[in-house]
Amino acid sequence: MADTVTNDALEILGQYENLPRLVVIDLDYTLWPFYCECNFHKESPYLYTEAKGVLRALKKKGINVAVASRSPTANVAKTFLRKLGILPMFVAMEIYSSWTHKTEHLQRIHWKTGVPFNSMLFFDDENRNVEAVSTMGVTSILVDNGVNLDALRQGLSAFSQKFDSSNRSKKD
């Protein structure tokens, strides 16, 4: 399944001329369908069905990926990422047990990576986070069923439209 999703995601990525330099992903109900603090007893965490294939495609396409997550059990979240074999996929991880704002997470990711906000694409399951991060100039997508092919398509389309309108205004 992951290989098919990876190929489908690569095909979607190939349809866009302008791609983000960095994709930032929330964890709970965005990468996996649960709150990690409620499932810490599970030995086998799991991702949304298409999430791993999307992550693989981003990496194959040379797009860096980072994590921005609020969790009272940051150590559990990192353990889950390790158990799932995807920890090395992330160039930056901002997972805090305190209830910080996602804007702080993105600011720290920006400092660590040097990627401008307008070159980032962000996925989250909470509208308040999507709205807050959008004010920073980050293309932000609200997900219902986690990071999947539809969310990727929606995100790339929004990023491309924003990129195109930004370039048009520079030419005017």
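**Exercise 1. How far apart are the mean positions of the 20 positive and 19 negative charges of the chain?**

Solution. Start with the counting rule: Lys and Arg are positive, Asp and Glu negative, while His and the chain ends are not counted. Next, place each charge at NZ of Lys, CZ of Arg, CG of Asp or CD of Glu. The two mean positions then turn out to be 7 Å apart.

A word on the ground rules. This is a predicted model, where local features need pLDDT of at least 70 and side-chain atom pairs count only at pLDDT 80 or more, though totals for chains, interfaces and linings use all residues. Residues are numbered from 1 along each chain as its sequence is written, and side-chain values use heavy atoms, with hydrogens and water left out.

**Exercise 2. Work out the order of helices and strands, and the overall build.**

Solution. Take helices (H or I, at least four residues) and strands (E, at least two) as DSSP runs, numbered from the N terminus. You get 6 helices and 5 strands, in the pattern α-β-α-β-α-β-α-β-α-β-α. Now the radius of gyration, taken over C-alpha atoms, against a globule rule of 2.2 Å times the number of residues to the power 0.38. The chain has 15 Å, close to the 16 Å the rule gives for 172 residues, so it is as compact as a globular protein of that length.

**Exercise 3. Describe the surroundings of Asp26.**

Solution. First find Asp26: look in the loop between strand E1 (22-25) and H2. Then check its cover, with buried meaning under 20% relative accessible area, exposed over 50% and partly exposed in between (1.4 Å probe, protein chains only). At 5%, Asp26 is buried. Now look for polar contacts (N or O atoms within 3.5 Å; within protein, one must be able to donate a hydrogen and the other to accept it, and residues adjacent in sequence count only if both atoms are side-chain atoms). The Asp26 side chain has one with the side chain of Thr30 at 3.1 Å, and another with that of Lys102 at 2.9 Å.

**Exercise 4. Which helix holds Leu149, and what does Leu149 touch?**

Solution. Leu149 sits in helix H6 (residues 149-171). With a relative accessible area of 11%, Leu149 is buried. For contacts (heavy atoms within 4.5 Å), leave aside neighbours within four places in sequence: Leu149 then meets Val5, Asp8, Ala9, Ile12, Glu50 and Val54. Val54 is also one of the buried residues of helix H2 (residues 51-60).
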